[in-house]
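Biologist: I should like to understand how structural terms are justified from a model. May we examine the reasoning one term at a time?

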Amino acid sequence: MPGAGGEPAREEFRRLAASTGAEIVGFVGGSRRLPDPRFFVGGGKAEEIAEQVNACDADLVIFNHGLSPAQERNLEVEVKARVLDRAGMILDIFARRARTHEGKLQVELAQLNHLVTR
């Protein structure tokens, strides 16, 4: 789960991820001057994430950044697990917590708008 922003941002990200119901089994951090157009992270970091996914038998990788649809697809192929970016994770949290019919419809619409490009 690459991220940036130091320990406070990392702790916030962990709390957000935990609130989705995900069991956090690892964290991979890194920094780049510019995002890689293919994976967002570099190829070596993508391999490192894939190795950790394999070692932990994880089925989900969450990035603390926005990913383009192509980056998300490329990463899913590389790491052989579902990949969510920060926006997707937050939409998942809203979906789990929506109680009213109207709230559920609004979250579903937001999720569909997010997924239409993926």
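The discussion below concerns a predicted model and takes up its salt bridges and then its nonpolar cores.

Biologist: How many salt bridges does a search of the whole structure find?

Modeller: The search finds five salt bridges. One of them joins Arg10 and Glu7.

Biologist: Why is the contact between Arg10 and Glu7 called a salt bridge?

Modeller: The closest N and O atoms of Arg10 and Glu7 are 3.3 Å apart. The term requires a side-chain nitrogen of Lys or Arg within 4 Å of a carboxyl oxygen of Asp or Glu. The pair therefore satisfies the definition.

Biologist: What separates Arg10 and Glu7 along the helix?

Modeller: Both belong to helix α1, residues 6–19, where they are three residues apart, or about one helical turn.

Biologist: How do you know whether Arg10 and Glu7 are buried or exposed?

Modeller: Buried means under 20% relative accessible area, and exposed means over 50%. Arg10 has 26% and Glu7 has 43%. Each value lies between the two cut-offs, so both residues are called partly exposed.

Biologist: What makes the pairing of Glu11 and Arg15 a salt bridge?

Modeller: The N to O distance is 3.9 Å. This value is within the 4 Å limit, and therefore the name applies. Glu11 and Arg15 are four residues apart in helix α1, again about one helical turn. Glu11, at 33% relative accessibility, counts as partly exposed.

Biologist: Why does the contact between Lys45 and Glu48 receive the name salt bridge?

Modeller: Their closest N and O atoms are 3.3 Å apart, and this is within 4 Å, so the definition is met. In helix α2 these residues are three apart, about one helical turn. Lys45 is partly exposed at 23%, and Glu48 is partly exposed at 35%.

Biologist: What makes a group of residues a nonpolar core?

Modeller: The residues must be buried, of the nonpolar kinds listed in the definition, and joined through side-chain atoms within 4.5 Å. The largest such core here has 15 residues. Val41, Ile49, Val61, Phe63, Leu75, Val79 and Val83 have the most contacts inside it.

Biologist: Which elements give two or more residues to this core?

Modeller: They are α2 (43–56) and α3 (69–79). Helix α2 gives the most, with four residues.

Biologist: What lies apart from this core?

Modeller: Another core lies apart from it, with seven residues, among them Phe13, Ala17, Ile62 and Leu84. In soluble globular proteins, nonpolar side chains tend to be buried together.

Definitions and conventions
Residues are numbered from 1 along each chain as its sequence is written. This is a predicted model: local features need pLDDT of at least 70, side-chain atom pairs count only at pLDDT 80 or more; totals for chains, interfaces and linings use all residues. Side-chain values use heavy atoms; hydrogens and water are left out. Buried means under 20% relative accessible area, exposed over 50%, partly exposed in between (1.4 Å probe, protein chains only).
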